Amino acid sequence: MFMKKIYFLLTLFCCQVESGRTDCRNPSSVRKMARGLSRYKLKDLPESFYLMDKLRNKATVPPEYSESIYVKVDNESSTCPTTLDNKLHVCPGYKVMEYDRFRFPSMMLQVHCKCNGCLGSPDKACVRLFYYTRVLRVTGCNKKGVYVYDYFWEKVSNGCVCIKNDRQTMSRG
């Protein structure tokens, strides 16, 4: 039953990807795509283990198959507030929907920081907090004109935190 749901979701995804290229198309069935991915068996490790660099694949996505569009969600302000306003968020963030037509899932929610510095602590910096999730990405087009998919670990920001103001510690968001 679980696999049927996954095949159904992948079928929906296959119908969504449209490319500017006219010489490549999606696989005719999800089974063919799954057969092409069979060499990449999911490990039985919990997803949190993939925070370790050595466990994630280091392959890069070809630039022609990476196309992110960002849209702010909820008409939320992205301006840094001047006071805490009793919310106790010293490093507030705002939500952004990221869309990439060459990835499944095609939409993922990201959090961007509203402030460079932490409210009430000018000696500290606001940085995005990341985790990794497994996604399917288009990585090429085979000789038959069918998209090739691979698993990738993708970085997702889920909040903002304060750190000691050391620019080499983390990149700011």
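These questions and answers walk through a predicted model of one protein chain.

Q: In what order do the elements of the chain run from the N terminus on?
A: The secondary structure comes to two helices and seven strands. From the N terminus on, the order is α-α-β-β-β-β-β-β-β.

Q: What share of the 173 residues in the chain is buried?
A: Buried means under 20% relative accessible area. Of the 173 residues in the chain, the buried ones make up 34%.

Q: Among contacts between residues at least 6 apart in sequence, what share joins residues at least 24 apart?
A: Contact here means heavy atoms within 4.5 Å. Take the contacts in the chain between residues at least 6 apart in sequence. Those joining residues at least 24 apart come to 64%.

Q: Which residues of β2 point to the buried face?
A: In a regular strand the side chains alternate between the two faces of the sheet. Along β2, G93, K95, M97 and Y99 point to one face and are not buried. Pointing to the other face, and buried, are Y94, V96, E98 and D100.

Q: How many bridges join β2 to β4?
A: β2 covers 93-100, and β4 covers 107-113. Y94 stands opposite H112 in β4. The two strands pair in the antiparallel sense, and the bridges number seven.

Q: Which residue of β2 stands opposite Y70?
A: β1 spans 68-72. Five bridges join β1 to β2, and the strands run antiparallel. Opposite Y70 in β2 stands E98.

Q: Is R103 buried or exposed?
A: R103 meets E98 in a salt bridge, at 3.4 Å from N to O. The cut-off for buried is under 20% relative accessible area. R103 has 0% relative accessibility, so R103 counts as buried.

Q: Why does E98 count as buried?
A: E98 lies on the buried face of β2. Buried requires under 20% relative accessible area. E98 counts as buried because its relative accessibility is 5%.

Q: How far apart in sequence are D100 and R137?
A: The side chains of D100 and R137 meet in a salt bridge of 2.8 Å, N to O. The pair links distant parts of the chain, with D100 in strand β2 and R137 in strand β6. Their separation in sequence is 37 residues.

Q: Which residues do salt bridges with shared partners join into one network?
A: D100 and R137 meet in a salt bridge, and both are buried. R103 and E98 also meet in a salt bridge. The one network joined through shared partners holds E98, D100, R103, R137 and E154.

Q: With which residue does E67 form a salt bridge?
A: E67 is partly exposed, with a relative accessible area of 33%. The closest N and O atoms of the pair are 2.8 Å apart. The partner of E67 is R101.

Q: With which side chain does the side chain of R128 make a polar contact?
A: R128 is found in strand β6. R128 is buried yet has no salt bridge; the nearest side chain of opposite charge, E98, is 8.0 Å away. A salt bridge needs nitrogen and oxygen within 4 Å. The polar contact of the R128 side chain, at 3.2 Å, is with H112.

Q: Which residue in the hairpin of β6 and β7 takes a positive phi?
A: 17 bridges join β6 to β7, and the strands run antiparallel. R137 stands opposite D150 in β7. The hairpin has five residues between the strands. The residue with a positive phi, near 80°, is G145.

Q: Which residues form the largest nonpolar core?
A: In soluble globular proteins, nonpolar side chains tend to be buried together. The largest nonpolar core here has eight residues. They are C91, V111, C113, C115, C118, L119, C126 and C160.

Q: With which residues is S78 in contact, leaving aside its neighbours within four places in sequence?
A: S78 is found in the loop between β1 and β2. S78 counts as partly exposed, at 30% relative accessibility. S78 and C113 are 35 residues apart in sequence, yet 7.9 Å apart from C-alpha to C-alpha. Beyond those neighbours, the contacts of S78 are K72, Y94 and K114.

Q: What kind of peptide bond joins F104 and P105?
A: P105 has its place in the loop between β3 and β4. Omega for the bond between F104 and P105 is about 5°. The peptide bond is cis.

Notes: Residues are numbered from 1 along each chain as its sequence is written. This is a predicted model: local features need pLDDT of at least 70, side-chain atom pairs count only at pLDDT 80 or more; totals for chains, interfaces and linings use all residues. Side-chain values use heavy atoms; hydrogens and water are left out. Helices (H or I, at least four residues) and strands (E, at least two) are DSSP runs, numbered from the N terminus. Buried means under 20% relative accessible area, exposed over 50%, partly exposed in between (1.4 Å probe, protein chains only). Lys and Arg count as positive and Asp and Glu as negative; His and the chain ends are not counted. A polar contact is a pair of N or O atoms within 3.5 Å; within protein, one must be able to donate a hydrogen and the other to accept it, and residues adjacent in sequence count only if both atoms are side-chain atoms. Two strands pair if DSSP finds at least two bridges between them. A nonpolar core is a set of buried Ala, Val, Leu, Ile, Met, Phe, Trp, Tyr and Cys residues joined through side-chain atoms within 4.5 Å.
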